[in-house]
Amino acid sequence: MDEVPEQDPDPRQVEVEGPRRFSESLLFTLQRRFFERGGVAAWSTGGVPSYITTNPFIARVYARIVDAFRRDLERAGAAERLTVLELGAGPGRFGYLFLRAMDEARQARGERELPIRYVMTDGNPALVHCWRGHAAFEPFVDGGVVDFAHFDLGHPADPWLEVARRPLSEVAPRGPLVVLANYVFDCVPQDAFECAGGRLHEVLVSLFAAEVPEDRLDPELLSRLRLEFSRREVPWDVYRDPALDAPLAACAREADGGTVMFPSAALAALEHLAGYSGGRLLLLAADKGYHRVEEVRERSEPDIVMHGCFSLGVNFRAFRSYFERAGGTALFAGHRPDYLDVCVFLRNLRPEGFPELRRTFREQVAEGGPEDYFHLTQSLESGSFLPTVEESLGLLRLSAFDAKTLALCRAGLLKHLPEASEAVKVEFRAALRRVRANYYHIGEGVDLPFELGFLSIHAGDHAGALAYFEESLALYGPSEPTTFNIGLCRQHLVPVPEA
Ligand SMILES: C[S@@+](CC[C@H](N)C(=O)[O-])C[C@H]1O[C@@H](n2cnc3c(N)ncnc32)[C@H](O)[C@@H]1O
């Protein structure tokens, strides 16, 4: 079947790569190299956006959804420890916050042990190494709760658990596997198709640049590439795998000429993972994605966004077709997402068997969820916001004690803390301790322990402030303000001799 070129090639540009299937393009190799080269610095200094998917609010939402799923299983007589596997876990902050949220809920229930095994994975082995040595995970490692593994969605294999020193297949649960995926499906290989006149066409991509790159595998090249698209007709069984061909056909037919982005690597990886739990799986995913048919129809080209690395909108409608065909269902918020579509999918599990899960998803996501919380923080950030101490405490509780929310309240706190009553100050100090407990250090520019110390002084707590400044000293090294404040706190803490 012939390829149809659509644009006249720009004679001033050189071809870096000729037309090929989207998922096989050099784009995805460069993307992997971008993350491999950056390591944790891609987040601490490199500006990869992550706050929306790695704050305490979204972690608490996920913990509540996983707990609801567990209660449904228990009610059905299938009480056992769940294995929760996180894909593309990046710097590890979400994993830490999720474990804390699960642990707080456990304490509130008065249970002795966390009812999950949490396996953090990423395609970049350097990140796995970094989590293994991170002090924040030590209590969870000692408690046998957390494990770490390399897992590449493009080449799914049996994940080797670094703590248990066994492959996942050997500790695989009899019950369903829970998979969490934040901002990962948007950067792993996808394909693109269109259906016209009952025929399927594949959208191929060619890459051009102003000059021949010295190193074709340098991720810097991503920012210099121009993409061209062409079409070729392909058979309906293009993947020769019904698990992929059937959902593609369902999506392409209803897309009515729009460009269907098809998450081939993600679905193949989920098919692989489902193999460890008898095909039963819960997927909880959040991404720059969409699930309504009109959002699929309105695309006329692959919607790639470059920002150092790149992201592609995630077609969660294709996930729904895949999961429904595998005897499951999808839960969507329903509204058109702006930044983040948070979705739940069940595989080989009857939706009627999960009333708690459906209720919790509705309450925690559809009726006001992680994206709405993010909108709130965005709007507070854009104005001059001087909340009272009581207002700040309310926002901190809503945020599940988030450091960025504390920073948004800072100017108001500095203004209002000195006149606050002792009772409010006591509440505020307790809130600072909870923000500290959520802290996951990756060496970002903002020195949170210093900030906590500074606010503690304003709240009249010099002993607490001293402990925060000493932590700042240990993590960020000496600086004039830290040394000065340590001296100030010590001076305050010296007992005044009785006359
Ligand atoms: C945008 S970051 C998201 C990190 C984190 N989940 C968050 O929400 O901020 C994407 C992560 O996916 C990982 N990744 C990229 N390609 C992957 C692949 N093929 N398999 C597994 N992980 C991959 C990257 O190393 C990176 O940690």
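How many bridges join strand β3 to strand β4, and how do the two strands run? The views below begin there.

**View 1. Strands β3 and β4 pair in this predicted model.** Strand β3 (residues 82-87) and strand β4 (residues 116-122) are joined by 5 bridges and run parallel. One partnership sets L82 against I116 of β4. Strands pair when DSSP finds at least two bridges between them. Strands are DSSP runs (E, at least two residues), and helices are too (H or I, at least four); both are numbered from the N terminus. Residue numbers start from 1 along each chain as its sequence is written. Local features need pLDDT of at least 70 and side-chain atom pairs count only at pLDDT 80 or more, while totals for chains, interfaces and linings use all residues.

**View 2. An open sheet holds 7 strands.** Their order is β5-β4-β3-β8-β13-β19-β18, with mixed pairing. The edges are β5 (146-150) and β18 (329-331), each pairing on one side only.

**View 3. Helix α3 packs against helix α4.** α3 spans residues 56-75 and α4 spans residues 93-109. Their axes lie 8 Å apart, at an angle of about 55 degrees. Axes are lines fitted to C-alpha atoms, for helices over the stretch in contact; angles run from 0 to 180 degrees between N-to-C directions. Contact means C-beta atoms, placed from the backbone, within 7 Å. The α3 side includes P56, A59 and R60; the α4 side includes F94, L97 and F98.

**View 4. A shell of 22 residues surrounds the ligand.** S50, T53, G88, G90 and G123 come nearest. A residue is near if its C-beta atom, placed from the backbone, lies within 6 Å.

Technical notes: Two residues are in contact if their C-beta atoms, placed from the backbone, lie within 7 Å.
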